[in-house]
Amino acid sequence: MLFRPNPSSGVPIYLQLMEQVKHGIETGALRPGEQLPGIRPLAEELVINPNTVAKAYRELEHEGVIELRHGAGAFVSGQVREKKLTDRLRAGQTIVAAAVERLHARGVTDEEIRRLFEAELAGLSRSGGERG
Amino acid sequence: MADTFIIETADLRKHYDGVEAVRGLSLQVPAGSIYGFLGRNGAGKTTTIKLLLGMARPTGGRARVFGLAADEDRASVDIRRRTGFVSDDKDLYDYMTVAEMIRFTAAFFPRWRADLEQRYLRAFALPLDRKIKALSRGMRTKLALLLALCRGAELLILDEPTAGLDPAMTEEVLQALVTHVAAEEMTVFFSSHQIAEVDQIADRVAIIDRGRAVLTGALDDLRESYRRIQLVFDGDAPEPAFRAPGVVRVRRKGRVLTVLSSAGAERILDEARALNPVSVDVVPVTLKEIFLETVTVED
Amino acid sequence: MLWYKSWLETRWRFVIGLVLLMLSACGTVLSYPQVVKLLPLAPTVQVSGEIGRRVSEAMELARTYRGFVWSEWFRQNMLQTWGLFAVLLGTGGLLSQASGGGALFTLSLPATRSRLLGVRAATGLAELLVLAFVPSLLLPALSPIVGQTYGIGEALVHGACVFIAGSVFFSLAFLLSTVFSGVWPPLLIAICVAAVLRLFDVVLRDMSRYSVFGVMSGETYFRGGGLPWLGLVASAAASAAMLYGAVLNIARRDF
């Protein structure tokens with residue numbers, strides 16, 4: 001994995017991991033069919049609870065982002081699913097770009113924009129699993 | 001998975017001539033979890049651990065480990081046979097060498113893991129021939145941890161495992177714990193007042209204050225349900241009476257009203273918006289903030 | 001491994017005690033020729049009071065080698081030194097720092113408190129047994145050097161009396177160390193008790209053969225009256241009771 005999650009941020013670590021996997025897929029750092037690190041080695045490397053890694057992987061499988069092959073490990077989902085994901089993200093990117101442009105036009109700064117988005121997401125979410 | 005509780009206490013009490021160290025503590029540690037036991041100094045963490053291991057007898061309530069009564073002599077020996085313990089002072093036998101200490105401890109545990117012993121001796125770089133009184137605090141902690149990890153135990157009870165250690169060693173200790181839990185069927189119960197390490201490896205927490213558990217639950221649940229809502233008003237912030245449940249604390253300072261909620265942030269937000277604030281911010285709450293709020297609330 | 005731990009904790013006290021007692025035994029035997037030379041001077045010594053009485057009694061006993069050995073070794077040197085080490089070996093243990101810290105570690109092991117205490121008591125008593133017999137057996141071994149003989153049987157009997165009766169001092173220190181944490185209080189209290197008992201000996205001279213020290217020295221046996229069975233049984237019982245009390249103390253203690 002390319003980064004360390006921030007355990008003290010108040011955001012569940014498993015959500016941070018899920019986010020990073022999705023981001024990796026979107027940017028192409030993780031390709032369809034590519035194997036993800038095993039639960040144990042990843043937990044050891046990041047020094048976090050193995051149950052947390054397991055939870056992240058389970059949720060990602062539930063969302064169709066990855067596949068857990070019994071005995072073999074975790075793999076990024078194949079072509080079709082990946083396309084759905086990047087399509088969704090690309091559409092999302094367009095919406096966000098437009099919104100940011102309009103907010104800039106009103107004189108809202110980047111930092112304020114970030115806080116608005118975080119507040120909106122934090123305020124609306126019931127639990128992490130229902131998002132996305 | 002969580003239907004067996006490795007540790008379970010019900011209204012546990014301990015009175016030490018005139019001081020009530022534990023005043024009705026109830027908690028449940030599910031099998032396979034890493035359970036962080038947070039509290040200020042003197043809140044009753046060490047006493048609770050002593051009660052679980054039969055080093056002291058409760059004056060009230062009940063404590064069970066592996067389903068066995070912790071205050072019964074024979075049951076307590078069984079409990080200790082299946083548990084690895086590291087005390088907060090990490091005291092071992094000063095006059096023994098590292099090698100002697102290991103041989104001494106191994107003799108009590110038929111399930112001693114010689115393979116793990118070799119691995120940790122190498123990983124921790126412990127000098128076999130050095131007397132324990134000549135070891136630094138960090139080395140003593142690592143040795144104590146080795147002695148706990150190699151005995152083939154199903155439960156680890158650690159009292160402030162990283163106290164007094166520098167960040168590098170703290171990370172080494174946490175890594176050894178995480179690696180061990182990943183490979184073996186283990187439950188870890190550790191007390192700490194270092195919130196960062198609880199954040200990092202625990203999946204369940206209990207916050208103890210003045211001998212009582214003031215908050216228990218899965219750490220992720222806490223992270224997902226606690227919110228800090230910040231409202232800024234045009235004039236002075238009003239004195240609101242929130243009807244929605246889950247409000248832990250409301251603070252007014254000039255034009256800012258800050259609400260800490262433990263659940264149901266949306267309903268509180270609805271009520272808050274009705275007060276016509278100029279801006280509304282909803283942010284996650286860190287475990288540190290939750291801790292500071294819950295242990296200072298009662299006065 | 002508990003035995004090994006107890007050994008590590010007590011070995012220096014044991015070794016020093018053994019060396020001191022063996023040297024003392026040698027010294028006693030080898031000093032006999034000097035004493036013999038001084039005997040003719042006995043009637044010229046006129047010291048009054050208690051000291052005078054003791055000196056003349058000692059001189060009287062020294063007329064025979066057996067009497068000399070009993071008076072110097074079993075009634076005095078051996079008694080005092082061995083008694084001191086009995087108290088020394090009885091202190092230390094779970095409550096004190098003498099075990100090098102680690103009380104909580106010990107208590108976290110899968111062993112009952114009675115077993116922990118039992119091993120410590122047994123180790124101490126075994127060491128005291130050696131301290132009672134080995135130096136005593138040096139007497140028959142070395143006596144030929146000064147042209148005398150001393151019976152092995154006699155040495156063994158006296159050694160046994162020292163051990164059995166004197167075990168009360170060990171047990172007292174042992175019991176006290178389950179009441180007081182730290183090394184000094186049990187030590188000092190036990191020594192005070194011994195000193196007080198010694199005082200009674202001096203004051204009640206005629207009863208002295210029935211006191212603890214009298215039984216330890218095997219006075220009735222020396223004087224041909226047979227073994228002090230009652231005293232030995234009473235001492236053994238008192239020791240056992242105190243050790244049991246120690247176990248009870250530790251069993252119900254909170255750490």
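**Note on the predicted model: chain contacts, chain A, and strand S9 of chain B**

1. Of the 2 pairs of chains in contact, chains A and B have the most contacts between them. This is a predicted model. Chains A and C do not touch, and their nearest C-alpha atoms are 26 Å apart.

2. Chain A contains 5 helices and 2 strands. Read from the N terminus, its elements follow the order α-α-α-β-β-α-α, with the two strands coming after three helices and before two more. Chain A has 132 residues, of which 28% are buried. Taking the contacts in chain A between residues at least 6 apart in sequence, 57% join residues at least 24 apart.

3. Chain B is divided into domain 1 (5–219) and domain 2 (226–296). The C-alpha centres of these two domains of chain B are 38 Å apart. Their contact involves 9 residues from domain 1 of chain B and 5 residues from domain 2 of chain B.

4. On the side of domain 1 of chain B that touches domain 2 of chain B, the elements giving two or more residues are helix H7 (195–201), S9 and S10 of chain B. H7(B) gives the most to this side, with 3 residues. By class, this side of domain 1 of chain B has 6 nonpolar and 3 charged residues, and no polar ones.

5. Strand S9 of chain B spans residues 204–209, and 5 of its 6 residues are buried, so the strand is largely enclosed by the rest of the structure. S9(B) is also among the elements listed above for the side of domain 1 of chain B that touches domain 2 of chain B.

6. S9(B) pairs with two strands that are described here. With strand S3 (residues 34–39) of chain B the pairing is parallel, over 5 bridges. With strand S10 (residues 212–218) of chain B it is antiparallel, over 6 bridges.

7. Which residue of S9(B) is the bridge partner of Leu38(B)? It is Ile207(B). Ile207(B) in turn has Leu215(B) as its bridge partner in S10(B). Ile207(B) is thus a point to inspect for both pairings, the parallel one with S3(B) and the antiparallel one with S10(B).

8. S9(B) and S10(B) form a hairpin with 2 residues between the strands. In this hairpin Arg210(B) takes a positive phi near 50°.

Conventions:
Residues are numbered from 1 along each chain as its sequence is written. Chains are lettered from A and ligands numbered from 1 in the order in which they are written. This is a predicted model: local features need pLDDT of at least 70, side-chain atom pairs count only at pLDDT 80 or more; totals for chains, interfaces and linings use all residues. Two residues are in contact if their C-beta atoms, placed from the backbone, lie within 7 Å. A residue is buried if 20 or more other C-beta atoms lie within 10 Å of its own, exposed if 12 or fewer, and partly exposed in between; C-beta atoms are placed from the backbone. Helices (H or I, at least four residues) and strands (E, at least two) are DSSP runs, numbered from the N terminus. Two strands pair if DSSP finds at least two bridges between them. Domain bounds come from an automatic or database domain assignment. Ala, Val, Leu, Ile, Met, Phe, Trp, Tyr, Cys and Pro count as nonpolar, Asp, Glu, Lys and Arg as charged, and the others, Gly among them, as polar.
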